[in-house]
Amino acid sequence: MRAAAAEAARAGRRLALVPTMGYLHEGHLALLKEARRRGDIVALSVFVNPLQFAPGEDFDSYPRDLARDRALARSAGVDLLWTPLAEEMYAEPPHVTVSPGPVGTILEGAVRPSHFAGVLTVVCKLFAIAQPKVAVFGRKDAQQAALVRFMVRDLSLPVEIVVAPTVRDADGLALSSRNVYLDAAMRARALVLPRALGAGVEAFRGGERRAGQVVAAAYKVLGPAESSGDITTEYLNVVDAVTFLPSHAAEASSYLVAAIRVGKKRLIDNVVLGEGLDADPRAA
Ligand code: AMP
């Protein structure tokens, strides 16, 4: 990857990187399309990063299918498929990692305390090796994207960050490699998540600007699901688009972010209040 990056730089070609953990789906493919628009050379990294999984999380069972990813990457026109090994990335447990700061401790960071340090550390390493001019991330993981933006700014990393909209299945469920963990019945129950976000958007469209009331509208959908089944809401908040901190005022740019458990499986999702769930064209 270093050699390919050096060659791209020599030839004056713009390298666009899409970092993933593989088991590719249409969401990843949309990021690759965006990367194609933004760069001359599209690099896709597939790396299930052990550092961002806590003990007891799903590192071992995380879905992997490199042959399938390779075929999808090829048909998506990826120029460089980069599949580093954990032992190449981490010769030993690292002494130095990237500290995500306060936004790394709320929402996802409150549920998964070491997660974002692991994410930012690997993203920093991927950037250091591939030296992309631009890197494309998904809005599905909006807090991650916000933290990557903070890291790039605070550590003066010379890379442009692009965040692409969430790609959903026809029924509204955000695509995720982890959706393979859901059987048909769980998947049907999981639809309560996009429906709740949609209810928040409806409240916003109806003129509601109090974040608490937007959350209440979404919880009107989640609450009954909680009491009648195996759904648990982990968090449900309106956050500012730039600071990613919970805000009292709901604005068009604000995110309504949520995480739920369906049985033992976790799902996260979010929506930009002024855009709604419909603004996610599959093949923009
Ligand atoms: P992952 O392989 O799940 O770590 O995701 C790799 C990248 O793809 C991240 O930037 C994610 O935010 C993005 N991504 C995951 N799911 C989606 C989706 N449904 N739509 C758009 N981007 C996504």
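Q: How do the residues of the shell around the ligand divide into nonpolar, polar and charged?
A: In this predicted model, the shell has eight nonpolar residues, seven polar ones and two charged ones.

Q: Nice. And which residues come nearest to the ligand?
A: Met21, Gly138, Asp141, Val167 and Leu175 come nearest, out of the 17 residues around the ligand.

Q: What does aspartate 141 have close to the ligand's oxygen atom, and at what distance?
A: A polar side-chain atom of aspartate 141 sits 2.6 Å from an oxygen atom of the ligand.

Q: OK, what about valine 167 and the ligand?
A: There the backbone is involved: a polar backbone atom of valine 167 is 2.9 Å from a nitrogen atom of the ligand. Leucine 175 also has a polar backbone atom 2.9 Å from a ligand nitrogen atom.

Q: How much of the ligand's accessible area does the protein cover?
A: On its own the ligand has 480 Å² of accessible area, and the protein covers 93% of that.

Q: Which elements give two or more residues to the shell?
A: Those are strand 1 (15-20), helix 2 (26-38) and strand 4 (134-138). Helix 2 provides the largest share, with three residues.

Q: Switching topic: how do helix 9 and helix 10 cross?
A: Their axes come within 7 Å and cross at roughly 150°, with helix 9 covering residues 192-205 and helix 10 residues 211-228. Angles over 145 degrees count as roughly antiparallel, so helix 9 and helix 10 are roughly antiparallel to each other.

Q: Is that crossing left-handed or right-handed?
A: Helix 9 passes helix 10 in a right-handed crossing.

Note on methods
Residues numbered from 1 in each chain as written. Predicted model: local features only at pLDDT ≥ 70, side-chain atom pairs only at ≥ 80, totals over all residues. Heavy atoms only, no water. Near = heavy atom within 4 Å. Polar contact = N/O pair within 3.5 Å; in protein donor to acceptor, adjacent residues only side chain to side chain. Areas by Shrake-Rupley, 256 points an atom, 1.4 Å probe, with all protein chains shown as cover. Helix = DSSP H or I, 4+ residues; strand = E, 2+ residues; numbered from the N terminus. Nonpolar A, V, L, I, M, F, W, Y, C, P; charged D, E, K, R; others polar. Axes fitted to C-alpha atoms, helices over the stretch in contact; angles between N-to-C directions. Parallel < 35°, antiparallel > 145°, perpendicular 65-115°, else oblique. Left-handed = near helix turned anticlockwise from the far one by under 90°.
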